[in-house]
Amino acid sequence: MGKRVSLTQYLVEQQRMHGHIPAQLRLLIEVVARACKRIAISVNKGALGDVLGSAGTENVQGEVQKKLDVICNEVLIEANEWGGHLAAMASEEMDGIYLVPNRFPQGEYLLMFDPLDGSSNIDVNVSIGTIFSVLKKDDAHAGVSEQDFLQPGSKQAAAGYCIYGPQTTLVLTVGDGVAMFTLDREQGSWVLTQDGVTIPEDTREFAINMSNMRHWAPPVKRYIDECLAGKDGPRGKDFNMRWIASMVADVHRILTRGGIFMYPWDKREPDKPGKLRLMYEANPMSFIVEQAGGAATNGHQRILDIQPTKLHERVSVILGSKNEVERVTAYHRDS
Ligand code: AHG
Ligand code: MN
Ligand code: MN
């Protein structure tokens, strides 16, 4: 193995070479990465740390919160509120935005997160993660409100996720490609293990929750039917399927070996655009995927171009290997 590059060194060098990581943003990323280390420790303790099971509460979207959903949310808030790099935070697990308390200096960034993604996998010891997205507050006005968060994903200054799996890996983009850092537990540091991550344009692997098949819209049904028909169908090749039920884990596989991930709109709740959340899941993942050469749409438009209208907005998600995402999007256009 060659010279080890730490997360700090990577960020400093990126700033020197490309000048797009100002000091506040660097601090923000390092603080989030440190919080993810703390989360990794809790996650690993599992039953020994009494962190498994339900918290007995519900979040704003009516989902039952797991103990770790609540713990991770607190860890991220506590880690980020005092550094002076943030104006406010928003999370899947909080009703409204979280303002930086008055006793701390205010910064110029807005941080959004899904503190624990893949909650249904916590108790069964399957990979889970933390997803985050960073926007810059428009400095034209004083104070901060929910309105400041309602910027399209194309405005993100940075996005990333940490996956708590066989390895703990932090994946990051600041708009100049995608880098991966592996947690070295003995040293307690993040070590750059892959830079310039790219998603193959073609794939023979799809990820979708097949149990929803009867509720899908025709274009999604058509795409999956063609994959399932394999060699004998119009695609002329066999496809493989994976569904981990942790978006972080499915996206991580796609960044590693390609694939397409879909959580599309379906007829169960026709008024709900999708299950996944635009601000905490779809935008950061779409930014990462695009930076790795992949694509992300809601079937009709690029996810990063969507103008959000509310904080907890949901969206239909199709992302991954470019040619497959374009195919599913074209099927939507045709129908
Ligand atoms: P969260 O645990 O943050 O609520 O997110 C779970 C999401 C996503 O990670 C995953 O792809 C999807 O929900 C799984 O949904 P199903 O259980 O419907 O398959
Ligand atoms: Mn999630
Ligand atoms: Mn979550």
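Here are a few questions and answers about the metal site and pockets of this predicted model.

Q: What makes Asp114, Asp117 and Glu281 donors of the manganese ion (ligand 2)?
A: Their oxygens sit at 1.8 to 2.1 Å from the manganese ion (ligand 2), and a donor has to be within 2.8 Å of the metal. So these contacts count as coordination. Along the chain, the donors follow the spacing D-x2-D-x163-E.

Q: Why is aspartate 114 called a bridge?
A: Aspartate 114 links the manganese ion (ligand 2) and the manganese ion (ligand 3), which are 3.7 Å apart.

Q: What does it take to call aspartate 114 and aspartate 117 buried?
A: Buried means under 20% relative accessible area, and both aspartate 114 and aspartate 117 get that label.

Q: How do you know that the largest pocket lies between domain 1 and domain 2?
A: Domain 1 (7-195) and domain 2 (205-334) both give residues to its lining, so the pocket lies between them. That lining has 25 residues, with Gly118, Ser119, Ala245, Lys275 and Arg277 nearest the centre. It splits into 8 nonpolar, 7 polar and 10 charged residues, and the space inside is about 410 Å³.

Q: What makes the second largest pocket an interdomain one, and which helix gives the most to its lining?
A: Here too, domain 1 (7-195) and domain 2 (205-334) both contribute lining residues, so this pocket lies between them. Helix 6 (247-257) gives the most, with 3 residues. The second largest pocket holds about 290 Å³ of space, and its lining divides into 5 nonpolar, 8 polar and 1 charged.

Notes:
Residues numbered from 1 in each chain as written. Chains lettered and ligands numbered in written order. Predicted model: local features only at pLDDT ≥ 70, side-chain atom pairs only at ≥ 80, totals over all residues. Heavy atoms only, no water. Donors = N, O, S within 2.8 Å, 3.2 Å for Na, K, Ca; no water. Buried < 20%, exposed > 50% of the residue type's maximum accessible area, 1.4 Å probe, protein only. 1 Å grid on protein atoms, 1.4 Å probe; cavity = no way out; pocket = protein on both sides within 12 Å on 5 of 7 lines; lining within 4 Å. Points joined across faces, edges and corners; volume = space filled by probe spheres on them. Nonpolar A, V, L, I, M, F, W, Y, C, P; charged D, E, K, R; others polar. Domains from an automatic or database assignment. Helix = DSSP H or I, 4+ residues; strand = E, 2+ residues; numbered from the N terminus.
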